[in-house]
Amino acid sequence: MRYKLTFVAGLALGYVIGTRAGRERYEQLKKSARQVAQNPAVRNTVESAAQSGREVAGKAFASVSEKVGDKMPDSVADRVRSLREKSRGGAEDDWGTSNT
């Protein structure tokens, strides 16, 4: 799914950059993109995907840390620990979105 979204975003960007339709078409596309981004269903899906990603990262960290033990770099351990705390607390993540 991520690759499809990346492809569609690249396609849209290429269209906007390469179009000869002018400013009016650009503004129309920008308005449509804003409407999609502000759609509650899209926002909930994005936030759910982000939360799932955090959970998977935490599980992967636990699995790897069991096998690697003390060889895990502190920077990695600290980052995963901070993500885990943020996902439990419902605080904002690095991008300013809520973890609800």
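**Figure 1. Glu27 and its salt bridge in helix α2**. Glu27 is partly exposed, at a relative accessible area of 31%; partly exposed lies between buried (under 20%) and exposed (over 50%), with a 1.4 Å probe and protein chains only as cover. The model is predicted: local features need pLDDT of at least 70 and side-chain atom pairs count only at pLDDT 80 or more, while totals for chains, interfaces and linings use all residues. Residues are numbered from 1 along each chain as its sequence is written, and side-chain values use heavy atoms, with hydrogens and water left out. Lys30 is partly exposed as well, with a relative accessible area of 34%. Glu27 forms a salt bridge with Lys30, and the closest N and O atoms are 4.0 Å apart. The term requires a side-chain nitrogen of Lys or Arg within 4 Å of a carboxyl oxygen of Asp or Glu. By this rule the count is one salt bridge. Both residues belong to helix α2 (residues 23-38) and are three residues apart, about one turn of the helix. An α-helix has 3.6 residues a turn, so residues three or four places apart point the same way.

**Figure 2. Helix α1 and a nonpolar surface patch**. Leu11 sits in helix α1 (residues 2-18) and is exposed, with a relative accessible area of 53%. Together with Phe7 and Val8, Leu11 forms a nonpolar patch on the surface, with about 330 Å² of accessible area in total. Such patches are made of residues with over 30% relative accessible area and no salt bridge; nonpolar side chains (Val, Leu, Ile, Met, Phe, Trp, Tyr) are joined within 5 Å, like charges within 9 Å. Helix α1 is hardly covered, with zero buried residues among its 17. The end C-alpha atoms of α1 are 24 Å apart, which agrees with the 24 Å that its 17 residues should span at 1.5 Å a residue. The expected span is 1.5 Å times one less than the number of residues.

**Figure 3. Gln51 in helix α3**. Gln51 is buried, at a relative accessible area of 17%. Gln51 and Leu83 are 32 residues apart in sequence, and their C-alpha atoms are 10.0 Å apart in space.

**Figure 4. The whole chain, for context.** The chain has four helices and zero strands, in the order α-α-α-α from the N terminus. Helices (H or I, at least four residues) and strands (E, at least two) are DSSP runs, numbered from the N terminus. Of the 100 residues, 11% count as buried. The mean pLDDT, the predictor's confidence in each residue from 0 to 100, is 78 for the chain, and 80% of the residues reach 70 or more. Confidence is lowest in helix α4 (residues 74-89), at a mean of 75, and highest in helix α3 (residues 40-68), at 86.

Technical notes
Areas by Shrake-Rupley, 256 points an atom, 1.4 Å probe, with all protein chains shown as cover.
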